[in-house]
Amino acid sequence: MRQGRRDGGQATVELALVLPLLVLVVLCVVQLAMVVRDRVALSHAARVAARAAVVDPAPAAVRRAIAESTSLDPLRLRVIVHGGSHIGDTVRVVVQFRSPTDVALAGRLVGDVTMTEALSANRG
């Protein structure tokens, strides 16, 4: 057995092998946090849309209410309003959002995530 042998380069090689994997994991966590943020915003947008549809079921009015109350990109947002033409009717609002995955590397692995939220309310 030789004494005085130095293993200082081993740690550097191990770090060089593991570091890209750690960076990818961190980027994936950041991307996941962004998608979760959009999911919470979509839930809020659906509640706003349902309240707006009770007052005025026109899709343009519902979209305007969402745009004024959330930070979601309107170009990635789809709003569908069913029913509610008469007082006492049930209005069903479906809000769909395509969440962008723009984080480097991680976003390309996953692709855009489409989320849907639907709520119903009574006009009356």
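Two strands are taken to pair if DSSP finds at least two bridges between them. In this predicted model, β2 and β3 meet that description comfortably, pairing in the antiparallel sense over 10 bridges. Within this pairing, Val93 stands opposite Leu119 of β3.

The wider sheet is open and made of 3 strands in the order β1-β2-β3, with antiparallel pairing. Its edges are formed by β1 (77-82) and β3; each has a single partner strand, so one side of each is left without a neighbour in the sheet. On average, neighbouring strands are turned by 15° against each other, direction ignored. Helix α2 packs on this sheet, where it touches β1 and β2, and its direction makes about 135° with that of β1.

A closer look at α2 (residues 59-69) shows that Ala61, Val62, Ala65 and Ile66 are buried. These residues lie on the same side of α2, because they cover an arc of only 140° around the axis. On the face turned away from the buried side, α2 carries the exposed residues Ala60 and Glu68.

Ser120 offers a view of the edge strand β3 (residues 113-122), in which it lies. Ser120 is partly exposed, with a relative accessible area of 48%. Leaving aside neighbours within four places in sequence, Ser120 is in contact with Thr90, Val91 and Arg92. Ser120 and Ala46, 74 residues apart in sequence, are 9.7 Å apart in space, C-alpha to C-alpha.

As for confidence, the chain averages a pLDDT of 88, and 94% of the residues score at least 70. Confidence is highest in strand β2 (residues 90-99), at a mean of 94, and lowest in helix α3 (residues 106-110), at 80.

Technical notes. Residues numbered from 1 in each chain as written. Predicted model: local features only at pLDDT ≥ 70, side-chain atom pairs only at ≥ 80, totals over all residues. Heavy atoms only, no water. Helix = DSSP H or I, 4+ residues; strand = E, 2+ residues; numbered from the N terminus. Buried < 20%, exposed > 50% of the residue type's maximum accessible area, 1.4 Å probe, protein only. Contact = heavy atoms within 4.5 Å. Arc of directions from axis to C-beta. pLDDT = per-residue confidence, 0-100. Axes fitted to C-alpha atoms, helices over the stretch in contact; angles between N-to-C directions.
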